[in-house]
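Here is a set of worked exercises for you to try at your own pace. Keep the viewer open, attempt each task, and then compare your steps with the solution.

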Amino acid sequence: MIQAILVFNNHGKPRLVCFYQRFPEEIQQQIIREIFHLVLKRDDNICNFLGGGSLIGGSDYKLIYRHYATLYFVFCGDSSESELGILDLIQDLVETLDKCFENVCGLDLIFHMDKVRYILQEVVMGRMVLEINMNEIVAQTEGQNRLEKSEGGLSAAPARAVSTVKNIGLLEIPRIINTGDLNIKVPNPSQFV
Amino acid sequence: MNLGCVEVDGRGPTGTVPGAAGPFLLWMPAKYISQCIDEIKQELKQDNIAVKANAVCKLTYLQMLGYDISWAAFNIIEVMSASKFTFKRIGYLAASQCFHEGTDVIMLTTNQIRKDLSSPSQYDTGVALTGLSCFVTPDLARDLANDIMTLMSHTKPYIRKKAVLIMYKVFLKYPESLRPAFPRLKEKLEDPDPGVQSAAVNVICELARRNPKNYLSLAPLFFKLMTSSTNNWVLIKIIKLFGALTPLEPRLGKKLIEPLTNLIHSTSAMSLLYECVNTVIAVLISLSSGMPNHSASIQLCVQKLRILIEDSDQNLKYLGLLAMSKILRTHPKSVQAHKDLVLQCLDDKDESIRLRALDLLYGMVSKKNLMEIVKKLMTHVDKAEGTTYRDELLTKIIDICSQSNYQHITNFEWYISILVELTRLEGTRHGHLIAAQMLDVAIRVKAIRRFAVSQMSALLDSAHLVASSTQRSGICEVLYAAAWICGEFSEHLQEPQQTLEAMLRPKVTTLPGHIQAVYVQNVVKLYAAILQQKERAADTQAAQEVTQLLVERLPQFVQSADLEAQERASCILQLVKHVQKLQARDVPVAEEVSALFAGELNPVAPKAQKKVPVPEGLDLDAWINEPLSDSESEDEKPKAIFHDEEPRHAKQRPPEADEQELARRREARKQEQANNPFYIKSSPSPQKRYQDAPGVDHIPVVQIDLSVPLKVPGKCVPGGTGDGGFRPGMPMSDQYVKLEEERRHRQRLEKDKRKRKKRERERRGARRHSSLHTESDEDITPAQRVDIVTEEMPENALPSDEDDKDPNDPYRALDIDLDKPLADSEKLPVQKHRDAETSKSPERQDIAVVEKKSKKPKRKEKKHKEKEREKKKKEAEKSSVTPPGRVVSAGARSRGGSAARAAGSVHTRGADLDFWLSTAPPAATPAPEEPGVNAAVAAPKEEREEPRGEEQDAAEDGEQDLEKKPSKHKKKKHKKDKEERSKDQKKSKKRAPPREGEAEPVENGALDEEPLPPMSSYSLLAENSYIKMTYDVQGSLQKDSQVTVSVVLENQSSSFLKNMELNVLDSLNARLARPEGSSVHDGVPVPFQLPPGISNEAQFVFTIQSIVTAQKLKGTLSFIAKNDEGSTHEKLDFKLHFTCTSYLVTTPCYSDAFAKLLESGDLSMSSVKVDGISMSFQNLLAKICFHHHFSVVERVDSCASMYSRSIQGHHVCLLVKKGEKSVSVDGKCSDSTLLSNVLEEMKETLAKC
């Protein structure tokens, strides 16, 4: 069974966090941090398995991860999961994302985080792998997106939301974030990466 | 795909405005987020659902960043219940992120989720299922289990697979749902959609992993899936599952080896290969050592693993080593051949691979290579950069050396020097480990003490090195051992005075307290030894000097911060001062001082204390003194202690007792301890308790494992006792390695000489077993005569304590027997209108509450309660004799549930499993032993257990004879047999094929009063010298006019049977389903060939028009039998008998529905009565269930209602009543012909009871 699926970047910033066991938010962040430090130490040319140890679930659990350019995909699974199977699954997941977002890049995970979660939900459900057939996953995701479109989607909402946001002054931030072209002037870069 | 290449977090893609406000948050510094949360709160207050959804979406991002969003739970529920999928999905996503069992608003979602589950849109349902899988609680599981179960048969595979998968969560939270839902879950294993099938495999594998024994009966099904599926993911799951099942059923393992080996050879997927190897290993372990001819399989595994380990892919290397260590446990020899590879992996750049290799080394050492391996490890210790890895190396070295009572160590001096070398490691956390080893070796290996003491004194001398840099790091722990060893075995010290001074250095006070305490204690031991030495030499001057030294130095310990050290020091200081006084008067004191430490300490086994039996009449829980009342404040006591203690420290008290007094007290204490059962005595047995001489003769001594007692006579072993040949001080363990090699070489020469002599002698004498030339492990004699003192255990030690299972294990609740048929009380709670069940709902809810309170209700208890309830009900009802219909409906209302259980399906499965396991042993395994053994075992069993009619037994005997010795007159006999059989078939077509190895069905139900006879649904179809056919007819509810005939073909000859073809003469009513394009006269080919002694099962589908009458079809099996002499074309005729009961399908029916069915009144009625029945009612019902595919709806005493359904949807209801010696069966059915035929068949069955 899969205990958690984590995606974070080379700086340890979470990009996708999915725990299938309840942990309080602080513990979640702590786990992410610790796992990040564990995998960061490892070269790309050493094996992709790690004992989960005390982090999650104890000795029966192991971490299986893959590193893509700037992102780490980490699955935490127990002994009923095949290590090599999960590695393939990660690859499949990434390829699926690639198909859904047409040449996926790290930013897709930020911009479409909800969509990424919906895709993940088609792959893994309730700690178990639901579907591994990539075409099926893509088809179902697209089906849901079509449905969303036919409902008018959230597209009506953002306009409204943005205006709400404006009204209540969230866009004071443009002093820092220029929404016009989304160039962000970072006051302290280390905080953002 | 360029994942991440563009990920420049500070900069977004120009020109795009993200859909939701979420992404902004990721770029936002923490201080803005609190502001942002305020604004989200504003948005949540708005009525517009889109705004709300957007806000919830943002919260989801925030949650990922580590902010608690549970405060918005109610808003999330609002968004979940939006009508639009777009919003609903956002709501469920947020809920799946932040809801958990403690979320109190979660109970508000039940109805919303139920609505979504039954939504016409598959995505609504899907999103609800996904969400639910994350936050399902016991309440939700109970309330929604039935809805989800319905979804398992949804038309859309998308829903089906999700529903199947979520069932696992439901089972976990609501274990009562497992049994009712399991049949359907099992069906899904054969779902046409691969996704659904995979989901079902997932769930069942996960269930089975936790409680494998309940799922053994599914093995045949999984076996079929394994041999037919091409989905690697499913295959991996199944193969892993088999790995968990084989330990429970070794026969399964035998059956698995061949297909697994085939997979290993054929698959290109590494993941599958790896899992196959793993399971083969598990199989081999389960088969234990009794199977000699599995070495080929082990070799194959080891070979494949070697390929993995040699691969450049680090992942494969890692897994290869991991699997190798599993083989190592049972077949160390085959792994040891690859030592080179493992040692090579120790140099790998990847730490996790090095660690795995270390694990392997543990099992690879022998007397021969221990030194070499440890030497290699020591170089790694020097090289290792990370402390974790170095610590791991250190523990491994110690583990390797100390394993199984130092089995592999031939030279303990070498080991001690290794330990000493290890103390020079900086920053290790494992000082205490080294210390424990030093102590253990020094105490238990008597021969090494002299050497150990010299090493330890050197260590004490250089204590500053050990203790300085790494004060708190733990390595100073070794000083604890060093001090103790030097003190305890001070008689071996060369320079006791020097060691004494080393132990009294001022620097010592910086050591941790407990080490100081040991120092103090052992200083006195040393002191006693020196005194004795000096007095013997009549050197009073020196003796007084030593005393003076102690008097001067001990006060530094009196000021120690550690209480223990302080107390001991002040005690001893007084003692020494007293001695000083005596010495001044020229009184010899050495004897008395050393008497303090007379006797020897023996090692005590780690569990010894726990195993001291509690003597009779002792109540450990009783108060020794009644506790004082609470009113006495507790803070007074400590105060009193302090008052007492402070003055004591301030002024030095005069010695309280003189030496004699001390001795007297000691004696008294010894006496007391001797009588105290809880004191671990220093002598091993009570008889020796009073032999208080300090002798060591009674210490139990075991010789180190020396299977070949080859002693080197009169040989002075170099590097023996003492440190001759070494520089004084720290010896290098490497020197030992060299010396040891030389020693062994000499030894070998010596032995060769002797062998030659021996051989000459042997040549003269009778021929004995040849001796091996290679140097085996046992040939190496230890350098010293090594005695290992055993650890002591108290007398009458209790037997070893079992390890308790974790009572909090959530999976224990799922340890449920799934083969037992469902009782009618076991069903999923269905939502109903309240008024419809006014009379029962409170009761029902009571149960629910009880169940909820005691989180994991014990099934037995529940059953018991139900039984009681049932009893009460009965008492209320028994006043009037009720007509049959009434009883049923009344019973139906008393839904507390009957205790009746139809045992039928247990037996189908149990027996089928055995049958499956006993047939078709794979060609690789030794074929002859299995069927023979099984048949032999089965035969007496059946005779004993099956209370059948004589006629039948006779027939069976005949069959067995026939099987055991295929007689020359087989044709004739076969005919006779067939006649008998056809007679039998009329009565009961279900008979056990004689060669089945039927074991007692496993059942853990508490309510079954007596064991049920084994039953099998397979009956003989036809048989000749070549082949035997048994068959079973099964209807299926899905296809309303089809039945499947499963025919087991068993090759009884020594010929190879092929081109088998089965053909029947179709009747108007029944025809064989043939492949498309073939005419009615063509046969259906059997899809396999049969090597000698093998059996296999083929299935044929028949289409039936009318099912109300029984019928027979004539048919022929044609085949080609090929043996050495050539091939012949053979035929075997048979008659397929379709009884009416074979059209019935076991269908559970709940008492409510049953009552309604009867009340509806459109059923025709018929009845039969059979006299002279002695079988118990329980078994009778089981028989009816099994042979006639009924299920028990309700049972009250000796009356039971039963239900079944035909494949065409006819309801068949029965009321079975048992009288004194008779049984009456009343039936109601929507078709009167069917009913009368079924009852007729049933009468035949019952007549045999």
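The exercises below cover salt bridges, a helix pair, buried charged residues and strands.

This is a predicted model, in which local features need pLDDT of at least 70 and side-chain atom pairs count only at pLDDT 80 or more, while totals for chains, interfaces and linings use all residues. Residues are numbered from 1 along each chain as its sequence is written, chains are lettered from A and ligands numbered from 1 in the order in which they are written, and side-chain values use heavy atoms, with hydrogens and water left out.

**Exercise 1. A salt bridge between chains**

Task: Find out where the residues joined by the salt bridge between A:Glu122 and B:Lys162 lie, and whether they are buried or exposed.

Solution:
- Start with the criterion: a salt bridge is a side-chain nitrogen of Lys or Arg within 4 Å of a carboxyl oxygen of Asp or Glu.
- A search of the whole structure over all chains gives 38 salt bridges.
- For A:Glu122 and B:Lys162, the N to O distance is 3.4 Å.
- This pair crosses between chains, with A:Glu122 in helix H4 (residues 113–123) of chain A and B:Lys162 in helix H9 (residues 157–173) of chain B. Helices (H or I, at least four residues) and strands (E, at least two) are DSSP runs, numbered from the N terminus.
- Now check burial: buried means under 20% relative accessible area, exposed over 50%, and partly exposed in between (1.4 Å probe, protein chains only).
- A:Glu122 has a relative accessible area of 4%, so A:Glu122 is buried.
- B:Lys162 is buried as well, at 1% relative accessibility.

**Exercise 2. Salt bridges within chain B**

Task: Work out how many residues apart B:Arg114 and B:Asp147 are, then examine the pair B:Glu249 and B:Arg251.

Solution:
- The side chains of B:Arg114 and B:Asp147 form a salt bridge at 3.3 Å, N to O.
- The two residues are 33 residues apart and link distant parts of the chain, B:Arg114 in helix H6 (residues 110–117) of chain B and B:Asp147 in helix H8 (residues 138–151) of chain B.
- B:Arg114 is buried, with 13% relative accessibility.
- In the salt bridge of B:Glu249 with B:Arg251, the closest N and O atoms are 3.3 Å apart.
- B:Glu249 is buried at 11%, and B:Arg251 is buried at 19% relative accessibility.

**Exercise 3. A helix pair**

Task: Describe how helix H7 (residues 122–135) of chain B passes H9(B).

Solution:
- Two packed helices are described by the angle between their axes and the distance between the axes.
- Axes are lines fitted to C-alpha atoms, for helices over the stretch in contact, and angles run from 0 to 180 degrees between N-to-C directions.
- The axes of H7(B) and H9(B) come within 10 Å and cross at roughly 15°.
- H7(B) is therefore roughly parallel to H9(B). Angles under 35 degrees count as roughly parallel, over 145 as roughly antiparallel, 65 to 115 as roughly perpendicular and the rest as oblique.
- Next, list contacts, meaning heavy atoms within 4.5 Å. Residues of H7(B), including B:Tyr123, B:Leu129 and B:Leu132, meet residues of H9(B), among them B:Tyr158, B:Lys162 and B:Ile166.
- The crossing is left-handed: the near helix is turned anticlockwise from the far one by less than a right angle, whereas clockwise would be right-handed.

**Exercise 4. Two buried charged residues**

Task: Locate B:Lys88 and B:Asp391 and list what they touch.

Solution:
- B:Lys88 sits in helix H5 (residues 85–98) of chain B and is buried at 3% relative accessibility.
- Not counting residues up to four places away in sequence, B:Lys88 touches residues including B:Gln112, B:Asp116, B:Asp124 and B:Val127.
- B:Asp391 belongs to helix H22 (residues 387–406) of chain B and is buried, with a relative accessible area of 3%.
- With the sequence exclusion of up to four places, B:Asp391 touches B:Thr428, B:Arg429 and B:His430.

**Exercise 5. An enclosed strand**

Task: Identify which strands pair with strand S17 (residues 1222–1229) of chain B.

Solution:
- Two strands pair if DSSP finds at least two bridges between them.
- Strand S13 (residues 1164–1171) of chain B runs antiparallel to S17(B), joined by eight bridges. B:Ser1166 has B:Gly1227 as its bridge partner in S17(B).
- Strand S16 (residues 1211–1218) of chain B pairs with S17(B) in the antiparallel sense over seven bridges, and a hairpin of three residues joins S16(B) to S17(B).
- Seven of the eight residues of S17(B) are buried, so S17(B) is largely enclosed by the rest of the structure.
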